Amino acid sequence: MVRSMYAAIAGLKTHQSKMDVIGNNISNCNTYGYKSSRAAFQEAMYTTTSHAAGGTNSFGGTNAAQVGYGCKLASIDKLFEASTPAATGKSSDVMITGNGFFLVGNKLPTGVGGVNPEQGSTENGDVANQQDITSLLLTRVGNFGVDEDGFIVDSQGYVVYGFTYPEAQQVYPIPEGASISHNNLMPLRVPLQKADGTNVQGDDGKPPEVTIAFDPSGTVTAKVAGGETITIGEIALANVPNTGGLEMGTGSYYTIGNNTGVVEAFQPGDGNTARLQPSCLEMANVDIANEFAEMITTQRGFQANTRIVTVTDQMLEELVSMKR
């Protein structure tokens, strides 16, 4: 008799977990770049009271008889469908219109030549001592800016990685004939020094404020002192074969896990990545109507399981009260 009690308790715990997922989705309905989650149930273990038996010359076969012990949480899946753009009017904001993730992380340690665009390798062509791409974080939120050292950073201070001019050496104008290298990821940085070695200073002796902008193909431009606009590189997008294998970290960041497949970085629009939409951020892909419908069914499922607990308790009470 108490099996029904355990089944109901398992159902209560599972429905509570689903309600936690729904609550998190609704809580983040206005969070830029948020991807909603869903909780999936599956049956828990069974007790077999009788096994299946085949037929004989005299009798027919019999089926197995099994009693279940409720349900359990099968998975919590992230839904990575692209959402709609929210126009911000800020040139340093950028949105991915489909597949792909921005790559951000800490600045490169001394002696490290860059980050390999392909997972699992630390040397590519003429660039040695590269870090693996798993050392970086992935995000869908493209609210970027420029710090005092000229690095393009996100709202948490992580530098943004992309493809740059190896010959430029962080100076401008870009040397004639220079080309962007696509075999090495580097922090994107606005040059604060001219080719003749003089620093670019503002009126107060500090580096001037610069304005960055992105185009749909990922090209990053900056307006520097004197109003000159220069190209500093291309922002990179990571293609993740199995987005379900990503692990959510703090904030809007994902880490590359063991089941993502081989992650590679490309220019936007290449390698199954999407193009960009400048001056926009991606809205959360939470469907409020669907979340409220799921909330109602989850609440009723939780309520039904509490009734099983109540009725089972009443039956046990009747049992212990048989002899008075």
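Good morning. Two strands are said to pair if DSSP finds at least two bridges between them. By that criterion, β13 and strand β15, which covers residues 186-187, pair in the antiparallel sense over two bridges. I shall return to that pair shortly. Please keep in mind throughout that what we have before us is a predicted model.

Allow me to begin with the chain as a whole. The protein chain holds two helices and 25 strands. Its radius of gyration is 28 Å, well over the 20 Å that the globule rule gives for 324 residues, so the chain is more spread out than a compact globule. Along the principal axes, the C-alpha trace spans about 100 × 45 × 30 Å.

How much of the chain is buried? Of the 324 residues, 38% are buried. The accessible surface comes to about 17300 Å², and carbon and sulfur atoms account for 49% of that surface. As for contacts, if we take those between residues at least 6 apart in sequence, 66% join residues at least 24 apart. Finally, there are 19 positive and 32 negative charges in the chain, and their mean positions are 15 Å apart.

I turn now to strand β13, residues 159-163. Five of the five residues of β13 are buried, so this strand is largely enclosed by the rest of the structure. Which way do its residues point? Val159, Tyr161 and Phe163 point one way, while Val160 and Gly162 point the other way. Residues on both sides are buried.

Which strands does β13 pair with? One of them is β7, residues 101-105, which runs antiparallel to β13 and is joined to it by two bridges. There, Val104 has Val160 of β13 as its bridge partner. Another is β15, the strand with which I opened. In that case the bridge partner of Gly162 is Met186. A further one is β19, again antiparallel and again with two bridges. Between β13 and β19, Gly162 stands opposite Ile235, and Phe163 has Glu234 as its bridge partner.

This brings us to β19 itself, residues 229-235, which is mostly covered, with five of its seven residues buried. Besides β13, strand β19 pairs with β18, residues 219-223, in the antiparallel sense over five bridges. In that pairing, Thr219 stands opposite Glu234. Glu234 has thus appeared twice, as a partner of Phe163 and as the residue facing Thr219.

Within β19 I should like to single out Gly233. Is this glycine buried or exposed? Gly233 is buried, with a relative accessible area of 0%. What does Gly233 touch, once residues up to four places away in sequence are set aside? The list is Phe163, Thr164, Tyr165, Ile180, Gly218, Thr219 and Val220. Phe163 in that list belongs to the set of buried residues of β13 that point one way. By contrast, Gly113 lies 120 residues from Gly233 along the chain, and their C-alpha atoms are separated by 17 Å.

The next step along this path is from β18 to β17, which pair in the antiparallel sense over four bridges. Here Phe214 stands opposite Val220 in β18. Strand β17, residues 211-214, has a covered face made of Ile212 and Phe214 and an uncovered one made of Thr211 and Ala213. The hairpin of β17 and β18 has four residues between the strands, and in it Gly218 takes a positive phi near 100°. Gly218 is also among the residues that Gly233 touches.

I close with two residues from a later part of the chain. The first is Ala284, found in the loop between β25 and helix α2. Why does Ala284 count as buried? Its relative accessibility is 10%, and buried means under 20%. Ala284 and Gly33 are 251 residues apart in sequence, and yet 5.4 Å apart in space, C-alpha to C-alpha. Leaving aside neighbours within four places in sequence, Ala284 is in contact with Asn28, Cys29, Thr31, Gly33, Tyr34 and Ser83.

The second is Ile288, in helix α2, which covers residues 288-320. At 35% relative accessibility, Ile288 counts as partly exposed. The C-alpha atoms of Ile288 and Ile174 are separated by 49 Å, with their positions 114 residues apart along the chain. Thank you for your attention.

Conventions
Residues are numbered from 1 along each chain as its sequence is written. This is a predicted model: local features need pLDDT of at least 70, side-chain atom pairs count only at pLDDT 80 or more; totals for chains, interfaces and linings use all residues. Side-chain values use heavy atoms; hydrogens and water are left out. The radius of gyration is taken over C-alpha atoms; the globule rule is 2.2 Å times the number of residues to the power 0.38. Buried means under 20% relative accessible area, exposed over 50%, partly exposed in between (1.4 Å probe, protein chains only). Contact means heavy atoms within 4.5 Å. Accessible areas come from the Shrake-Rupley method with a 1.4 Å probe; for residues, only the protein chains shown count as cover. Lys and Arg count as positive and Asp and Glu as negative; His and the chain ends are not counted. The place of a charge is taken as NZ of Lys, CZ of Arg, CG of Asp or CD of Glu.
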